[in-house]
Amino acid sequence: PAARPGPVRPSPVRPTVSPVRPTASPSRPPVPPQDQCGAPVNPFGYTYCGGALIHAPDVGVCRWFVCVDDFWMGAGYLAKCEDGSIGMVGGPAGRCPERAGRKEPVYVYRPAGK
């Protein structure tokens, strides 16, 4: 009698995985490589050093900065209050509390030539 072959086992198939490279979101500017002049490191490129004023902050801004009460009720541009919190200057609410004193703009970093 002829020998019966044993069970045929398929060779293991290893899936091919292509590396996924993250792409820069067009709505997020690059984080400045230099000192941010005391601003917390954040993915939005917000800095106290200068750049463009921020009239529409990213929805995640309060995860990286300390925001004043009623922050999202504010209007105008993003500003740092004297107590270190941030608010919107120019609206009826969400701004730096009156007792917080002087306000300094928060900027979005723009690389030279952009």
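Buried, as I use the word today, means under 20% relative accessible area, with exposed over 50% and partly exposed in between. The model I am showing is a predicted one. I will go through the disulfides, then two backbone angles, then the sheet.

Disulfides to start. There are 2 of them in the structure. Let me take the pair Cys62 and Cys67, which are joined with an S to S distance of 2.0 Å. Is Cys67 buried or exposed? Cys67 has a relative accessible area of 18%, and because the limit for buried is under 20%, this cysteine is buried. Its partner Cys62 comes out at 33%, so Cys62 is partly exposed. As for the handedness, the torsion about the S-S bond of Cys62 and Cys67 is about -105°, which makes this disulfide left-handed.

The other disulfide runs from Cys37 to Cys49, again with S to S at 2.0 Å. Here the S-S torsion is about 110°, and therefore the disulfide between Cys37 and Cys49 is right-handed. This pair links distant parts of the chain, 12 residues apart. Cys37 sits in the segment before strand E1, which covers 46–47, and Cys49 sits in the loop between E1 and strand E2, which covers 52–53. Both ends fall in the middle class of accessibility. Cys37 has 41% relative accessibility, so it counts as partly exposed. Cys49, at 36%, also counts as partly exposed.

Now the backbone angles. Most residues other than glycine have a negative phi. Which residue in the segment before E1 goes against that? Cys37, the disulfide cysteine I just described, has a positive phi near 60° and is not a glycine. Asp70 is also a residue other than glycine with a positive phi, in its case about 60°. You will find Asp70 in the loop between helix H1, residues 61–64, and strand E3. The relative accessible area of Asp70 is 52%, and since exposed means over 50%, Asp70 is exposed.

That loop leads into E3, so on to the sheet. What is the strand order? The sheet is open, has 3 strands, and runs E4-E3-E5 with antiparallel pairing. E4 and E5 are the edge strands, each pairing on one side only. From one strand to the next the twist averages 50°.

Take the E3 and E4 side of the sheet. How many bridges hold this pairing? Strand E3, residues 76–81, and strand E4, residues 86–90, pair in the antiparallel sense over 5 bridges. Among the residues facing each other, Gly76 stands opposite Gly90 in E4, and Ala79 stands opposite Gly87 in E4. The two strands form a hairpin with 4 residues between them. In that turn is Gly84, with a positive phi of about 95°.

On the other side, E3 is joined to strand E5, residues 103–105, by 3 bridges, and these two strands run antiparallel. Ala79 comes up again here: it stands opposite Pro105 in E5. If you want one residue to look at while turning the model, I would use Ala79, with Gly87 of E4 opposite it and Pro105 of E5 opposite it as well.

To recap, the structure has 2 disulfides: a left-handed one between Cys62 and Cys67, and a right-handed one between Cys37 and Cys49. It also has an open sheet of 3 strands in the order E4-E3-E5. That is what I have.

Conventions
Residues numbered from 1 in each chain as written. Predicted model: local features only at pLDDT ≥ 70, side-chain atom pairs only at ≥ 80, totals over all residues. Heavy atoms only, no water. Disulfide = S-S within 2.5 Å. Buried < 20%, exposed > 50% of the residue type's maximum accessible area, 1.4 Å probe, protein only. Pairing = 2+ DSSP bridges. Axes fitted to C-alpha atoms, helices over the stretch in contact; angles between N-to-C directions.
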